[in-house]
Amino acid sequence: AETNKKGVNLKKSSPKKKKEEERVSAIKPNCRFTGAVKIELGKGVSVDAEDFVNCFRGMAQKTDDGKKLRKSEWGHADGNHSGSISLAEVDLWVKDILVAKCIKGEGDRIWKRFRKCFIHAFNRAKGISVEKSASDDSIDFKEFRLLISYLCVFAVMFDAFQRVDGGSAGIDQNDDMRIQLDEWLASYQNVMDHTLIGLEDMTSDPKVVFSEMDSDGGGMVLLGEWCNYLANKEVEANTVLGEFLKVSG
C-alpha cells in the first residue's frame with residue numbers, strides 16, 4: 001500500500017471520485033470573464049453551466065462594452081451577411097465560441113450537453129423585434145442581446161432540468177426530455193438547492209408547482225414548459241437572471 005513519509009497508509013480515491021474532485025472550469029485562462037458586471041449563479045449550478053454562461057455573459061451586458069462585443073460577434077454569427085441568423089447559424093456560432101474559449105475537447109462536450117435548450121432560447125428571442133413579421137423564423141441584431149441572454153439563462157435552467165429528468169445530473173440513457181409527475185415527486189428535491197427562484201419554495205405542495213409548469217395540461221413537463229415557467233419567475237422576482245431576460249435595454 002502507498003504510504004506517506006511517516007509510514008501511514010494513504011487512502012486511494014476511486015477514479016470517478018477523483019475526477020469529480022478535480023473538475024474545474026474548462027475555460028482557457030486568457031478567455032475568462034474579468035469584467036465588473038457578473039451573472040452570479042449561486043447554488044446548485046454545475047461547473048459546465050457556469051462555463052457556458054461565462055463564455056457568453058460579457059456579450060449579454062447592457063453596456064457599451066457589451067454592445068461592442070455583440071457587434072463584433074454578429075459578423076461571426078451572420079456569416080453570409082444576410083442581416084439575420086437562423087437556428088442552425090446560432091447553433092454553429094455557439095459551438096465555435098465554446099470551442100474557442102475552452103480547452104481541447106471540452107467546448108464541444110459542453111455544446112453537446114446544452115444544445116437541446118438552444119431552440120427554446122431562439123424561439124423566445126425571435127419575435128421581439130417589431131420590424132419583423134411574426135412568421136420570420138430568424139434573429140436580427142436588435143434581438144441578438146436577448147438571444148445571448150436567453151442562451152445563458154436557459155442553459156442554467158436546462159442544467160436544473162437534467163437533475164430531475166432521469167433522476168441524475170447530466171444526460172444519460174434514462175433521460176427522455178420530459179418530466180412525468182411521478183418522476184418529479186421522486187426527484188424534485190434534487191433541485192431545491194438550485195439558484196433558480198422558481199425552484200426555491202416547493203416543500204408545501206410540489207404537485208402545484210408541477211401543474212403550473214405543465215402549461216398545456218398534458219401530464220408531463222417538457223423542456224420548453226420548464227424554461228418558460230422558470231424564466232417568468234425570474235423576471236417577476238427581478239433577480240439578476242431576470243434582468244438578463246427583460247426585453248428593454
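This text leads through the helices, the nonpolar core, the salt bridges and the cysteines of the structure shown above. The model is predicted.

A convenient place to begin is helix H10, which covers residues 223-236. With 14 residues at 1.5 Å a residue, helix H10 should span 20 Å, and its end C-alpha atoms are indeed 20 Å apart, so expectation and model agree. Many positions along H10 are buried, namely Leu223, Gly224, Glu225, Trp226, Cys227, Tyr229, Leu230, Ala231 and Glu234. The list includes both nonpolar side chains such as Trp226 and the acidic residues Glu225 and Glu234.

Trp226 leads from H10 into the interior. The largest nonpolar core has 65 residues, and Phe56, Trp184 and Trp226 are those with the most contacts inside it. Helix H7, residues 141-164, gives the most to this core, contributing 16 residues. In soluble globular proteins, nonpolar side chains tend to be buried together. Once neighbours within four places in sequence are set aside, the contacts of Trp226 are Met157, Ala160, Phe161, Val164, Ile179, Trp184, Leu199, Met213 and Val221. Trp184 therefore appears twice in this picture: it ranks with Trp226 among the residues with the most contacts inside the core, and it is in contact with Trp226.

Past the end of H10, the backbone itself deserves attention. Asn238, just after H10, takes a positive phi of about 55 degrees, although it is not a glycine. Asn238 is found in the loop between H10 and helix H11, the latter formed by residues 240-245. A positive phi of about 55 degrees also occurs at His81, another residue that is not a glycine. His81 lies in the loop that runs between helix H3 (64-77) and helix H4 (87-101). With a relative accessibility of 66%, His81 counts as exposed, because the threshold for that class is over 50%.

The charged residues form a further layer of organisation. Side chains of opposite charge can pair when their charged atoms come close. The structure holds 9 salt bridges. In one of them, Arg109 pairs with Asp48, and the closest N and O atoms are 2.7 Å apart. Since Arg109 lies in helix H5 (residues 106-114) and Asp48 in helix H2 (residues 47-60), this pair ties together parts that are 61 residues apart in sequence. The two partners are placed in unlike surroundings: Arg109 is partly exposed, with a relative accessible area of 31%, whereas Asp48, at 4%, counts as buried because it falls under 20%.

Arg109 also forms a salt bridge with Glu106, where the closest N and O atoms are 2.8 Å apart. This second pairing stays inside helix H5: Arg109 and Glu106 are 3 residues apart there and are separated by about one helical turn. An α-helix has 3.6 residues a turn, so residues three or four places apart point the same way. Glu106 is partly exposed, with a relative accessible area of 21%.

Asp48, for its part, makes a polar contact through its side chain with the side chain of Arg113, at 2.8 Å. These residues belong to a wider arrangement, in which Asp48, Glu106, Arg109, Arg113 and Asp159 are linked in a network of salt bridges.

Helix H5 takes part in a further connection. The side chains of Lys95 and Asp108 meet in a salt bridge with an N to O distance of 3.7 Å. Because Lys95 lies in helix H4 and Asp108 in helix H5, the pair ties together parts that are 13 residues apart in sequence. Lys95 is partly exposed, with a relative accessible area of 26%, and Asp108 is likewise partly exposed, at 23%.

The cysteines remain to be considered. A disulfide is a covalent bond between the sulfur atoms of two cysteines. The count of disulfides in this model comes to 0. For Cys55, the closest cysteine sulfur is that of Cys102, at 4.1 Å, which is too far for a bond because a disulfide requires the sulfur atoms to be within 2.5 Å. Cys55 is buried, with a relative accessibility of 2%. The sulfur of Cys152 has its closest cysteine sulfur in Cys55, and at 9.2 Å this pair is also too far apart for a bond. Cys152 is buried as well, with a relative accessible area of 1%.

Definitions and conventions:
Residues are numbered from 1 along each chain as its sequence is written. This is a predicted model: local features need pLDDT of at least 70, side-chain atom pairs count only at pLDDT 80 or more; totals for chains, interfaces and linings use all residues. Side-chain values use heavy atoms; hydrogens and water are left out. Helices (H or I, at least four residues) and strands (E, at least two) are DSSP runs, numbered from the N terminus. The expected span of a helix is 1.5 Å times one less than its number of residues. Buried means under 20% relative accessible area, exposed over 50%, partly exposed in between (1.4 Å probe, protein chains only). A nonpolar core is a set of buried Ala, Val, Leu, Ile, Met, Phe, Trp, Tyr and Cys residues joined through side-chain atoms within 4.5 Å. Contact means heavy atoms within 4.5 Å. A salt bridge is a side-chain nitrogen of Lys or Arg within 4 Å of a carboxyl oxygen of Asp or Glu. A polar contact is a pair of N or O atoms within 3.5 Å; within protein, one must be able to donate a hydrogen and the other to accept it, and residues adjacent in sequence count only if both atoms are side-chain atoms.
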